[in-house]
Amino acid sequence: MSQTVSVPQGLPMERDAGPFDPPSQITRLREVRPVSPMVFPDGHEGWLITGYEAVRQVMADTRFSNRQDLGVIHVPYETPGMPEQTEPSPQTPGLFISMDPPDHTRSRRKLTGAFTVKRMKQLEEDIIAITEQQLDELAKLTPPVDLVREFALPVPSLVICELLGVPYADRETFQANSSKFMERDVTLEDKMAAIGAMFGYLAELVTSKRAHPGEDILSDLARDEDLTIEELCGMAFLLLLAGHETTANMLALGTFALLEHPTELAELRDNPDLLPDAVEELMRYLSVADIFFRYATEDIEVGGETIPAGSTVVVSLLAANRDPQRFENPDTLDVHRKVRGQVAFGHGIHQCLGQQLARIEMRAGFEGLLRRFPTLRLAIPAGEVKLRTNMHIYGVHELPVTWA
């Protein structure tokens, strides 16, 4: 019989166990009740899923809906300036991450050909070239430098801009607005202003591509008369946001983690063949895109608990990836680990569409950084690194580094 344990008044977000570990309260909760009732700050009752098997079940079961227009998605942590949400959010055309089949199937199918393993493999040389060019720029600078600004953010931004056909000269606009959108402690007005600016920019871009298509993913989509401008904007927003935010934070936080694990760093530097396994291990170990929401459309049993229809469900991918029931010594970073089944890219029909692209970018990024900068080290004490605990995608705001 499960112990009666619940999450009091919101999801614990404090990284009290260290910059790379889940909040200790989340870890303790997973040990005693991996499917736990929780109380949101507004008093609404829901569920928190932290166990590996339960997380995979929820993510794979389409009865747990992604649609924000079905039920109220309550914020699981205190967010100053955000009013209590009392009604469902309207569906955003083209934003297929917030859709269920058959709408999700129709939208995502438009993109599956663009992100196949084969096509990503063909792009690998271009991605390596972009990475090397950015490493050249980094080498020209006098340390200390901020690795986020000078490397971790530019590489995936350059790649996704080239793939989508977004002018890289516009990066400051979309990076600033996407960053504002990803903040937790931001007013609804500021968040809506950022979204409005992004969609306004993208509407002009996709309209131009529909009139004068080029050789890029957005042009390919724009040629499809079955898609409206609104749908094209939603797809472009999702691809642009996901295409640079997650990988940028993995490159920066992953470098931070390796610098704080010098034995693993030395192993990786001496054995570049370990990179594919190391990238998978870093994804498992860090899981920067941690918290996801689902909405139960009927009573569903998960891990011996019955989640009632209408419940908001919060899923922690980081907690699942650190579950000792699935991974041996899960809180240890081990670049030799043969990771199988990590859920950092999600699971089920909403599993990350660009995961192969992200893997290639990370392999190229870490390999190049370790090869070109063998004496790379933090320029400040680790405890002074500014963590992105206020953002929906975890990472570091800045990573000051130096080298000999």
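This passage describes an open sheet, a helix that lies across it, and a pocket in a predicted model. Local features need pLDDT of at least 70 and side-chain atom pairs pLDDT 80 or more, while totals for chains, interfaces and linings use all residues. Numbering starts from 1 along each chain as its sequence is written, and side-chain values use heavy atoms, without hydrogens and water.

The sheet is open and has 5 strands in the order β1-β2-β8-β5-β3. Its pairing is mixed. Strands (E, at least two residues) and helices (H or I, at least four) are DSSP runs, numbered from the N terminus; two strands pair if DSSP finds at least two bridges between them. β1 (35–39) and β3 (64–65) form the edges, each pairing on one side only. β3 joins β5 (residues 291–296) in the antiparallel sense, over 2 bridges. Here S65 stands opposite Y295 of β5.

Helix α2 (residues 52–60) lies across β1, β2 (45–49), β3, β5 and β8 (312–316). It runs at about 125 degrees to β8 (axes are lines fitted to C-alpha atoms, for helices over the stretch in contact, heavy atoms within 4.5 Å; angles run from 0 to 180 degrees between N-to-C directions).

The second largest pocket holds about 320 Å³ of space. A pocket is an open set of points on a 1 Å grid over the protein atoms alone, where a 1.4 Å probe fits, with protein on both sides within 12 Å along at least five of seven lines. Volume is the space filled by probe spheres set on the points, which are joined across faces, edges and corners. Lining residues have an atom within 4 Å of a point. Of the 14 that line this pocket, V148, L153, S179, R388 and H397 are closest to its centre. Helices α5 (147–152), α7 (171–182) and α10 (229–259) each give two or more residues to the lining. The largest share, 4 residues, comes from α10. By class, the lining has 5 nonpolar, 5 polar and 4 charged residues (Ala, Val, Leu, Ile, Met, Phe, Trp, Tyr, Cys and Pro count as nonpolar; Asp, Glu, Lys and Arg as charged; the others, Gly among them, as polar).
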